[in-house]
Amino acid sequence: MSEKLKDKEEQIEEKIEKVESNNEELLVKIVNLEQEIVKNNTKIGNYEKQIAEFNKEYASKIMEKAEKANKMVQEKIKEIEQKNTEFINHAKKYGTEKIASKLVEIIDQFKKAINFDTDDAKVKNFLSGFKMFSSMFDNLLNEMNVKETIVSVGDEFDPKFMDAFDTTNDNKFADNKVTLVISNAYLLHDRVIKHAIVKVNKK
């Protein structure tokens, strides 16, 4: 009986040793697993940090692009408003150009008629009555910001506001000088709406 008991005890001890051995292996696996978990948690932490930095950088870039887009829109709006203002001011300034040009032609012809040189007393009296209308026309042109530019004989020919209907070769005048004035120039603000008609000396 004692031998059988001894055998059983040995068997039990062997089993215990196996269990302990298995437990040790299991503990090693558990430790390894825990270490792996720690490593994975570290990696996850790093990934989360990278994602957070990426999101921050991405959000910063989005905000930067949004600010640039907003700035461009504001500049475009300002540009459009400026162009509209310029267009309106230009329309106000030169909107009467066609009417003023036609009116200037009529007034210019009218002035030539009333300044007609005659010895007839009746005609002179008749023409002097119309000179009052000439003054009224001048006031009207002033109200429209139309100015008459006086050109005189001997002036330098300026193609900006003069048209030469003919040329002459006169020793009394230097080259490119005005020798005869048919009509003066008219400007609407700074724009010529009627050129002066002159004869120019050419050598």
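# A chat about helix 2 and its salt bridges

Reader: Which exposed residues does the face of helix 2 turned away from its buried side carry?

Author: In this predicted model, that face carries Lys98, Lys102 and Ile106, which are exposed.

Reader: And which residues in helix 2 are buried?

Author: The buried residues of helix 2 are Ala100, Leu103, Val104, Ile107, Asp108, Phe110, Lys111 and Ile114. Looking down the axis of helix 2, one finds its buried residues within an arc of 165 degrees, so they line one face of the helix.

Reader: Why can residues a few places apart point the same way in an α-helix?

Author: An α-helix has 3.6 residues a turn, so residues three or four places apart point the same way.

Reader: How many residues does helix 2 have, and what distance does it reach?

Author: Helix 2 spans residues 97–114, which makes 18 residues. From its first C-alpha to its last it reaches 25 Å, close to the 26 Å expected at 1.5 Å a residue.

Reader: Two of those buried residues are charged, I think. What does aspartate 108 form a salt bridge with?

Author: Aspartate 108 pairs with lysine 194, and their closest N and O atoms are 3.7 Å apart. The pair links distant parts of the chain, since lysine 194 belongs to strand 5 (residues 191–194) and aspartate 108 to helix 2, 86 residues apart.

Reader: Is lysine 194 buried or exposed?

Author: Lysine 194 counts as buried, because its relative accessibility is 8%, and the cut-off for buried is under 20%. Aspartate 108 also counts as buried, at 5%.

Reader: What about lysine 111: which residue is its salt-bridge partner?

Author: Its partner is aspartate 138, with the closest N and O atoms 2.8 Å apart. Lysine 111 lies in helix 2 and aspartate 138 in helix 3 (residues 121–143), so this salt bridge ties together parts that are 27 residues apart in sequence. Lysine 111 counts as buried at 13% relative accessibility, whereas aspartate 138 is partly exposed at 28%.

Reader: Let us leave helix 2. Where do lysine 177 and glutamate 156 lie?

Author: Lysine 177 lies in the loop between strand 2 (162–168) and strand 3 (178–183), while glutamate 156 lies in the loop between strand 1 (146–149) and strand 2. They form a salt bridge whose closest N and O atoms are 3.1 Å apart. Lysine 177 is partly exposed, with a relative accessible area of 23%, and glutamate 156 counts as partly exposed at 43%.

Reader: Which residues do salt bridges that share partners join into one network?

Author: They join Lys76, Glu79 and Lys83.

Reader: How many salt bridges are found in the whole structure?

Author: The search finds eight.

Reader: Now the surface. Which residues make the nonpolar surface patch?

Author: Leu26, Leu27 and Ile30 make a nonpolar patch of about 270 Å². Isoleucine 30 is placed in helix 1 (residues 2–94) and is partly exposed, with a relative accessible area of 37%.

Reader: Finally, the whole protein: what does its secondary structure come to?

Author: It comes to three helices and six strands, and along the sequence the pattern reads α-α-α-β-β-β-β-β-β.

Reader: What share of its residues counts as buried, and what area does the protein expose?

Author: Of its 203 residues, 17% count as buried. The protein exposes about 16200 Å², and carbon and sulfur atoms supply 56% of that area.

Technical notes
Residues are numbered from 1 along each chain as its sequence is written. This is a predicted model: local features need pLDDT of at least 70, side-chain atom pairs count only at pLDDT 80 or more; totals for chains, interfaces and linings use all residues. Side-chain values use heavy atoms; hydrogens and water are left out. Helices (H or I, at least four residues) and strands (E, at least two) are DSSP runs, numbered from the N terminus. The expected span of a helix is 1.5 Å times one less than its number of residues. Buried means under 20% relative accessible area, exposed over 50%, partly exposed in between (1.4 Å probe, protein chains only). The arc is that of the directions from the helix axis to the C-beta atoms. Patches are made of residues with over 30% relative accessible area and no salt bridge: like charges are joined within 9 Å, nonpolar side chains (Val, Leu, Ile, Met, Phe, Trp, Tyr) within 5 Å. Accessible areas come from the Shrake-Rupley method with a 1.4 Å probe; for residues, only the protein chains shown count as cover. A salt bridge is a side-chain nitrogen of Lys or Arg within 4 Å of a carboxyl oxygen of Asp or Glu.
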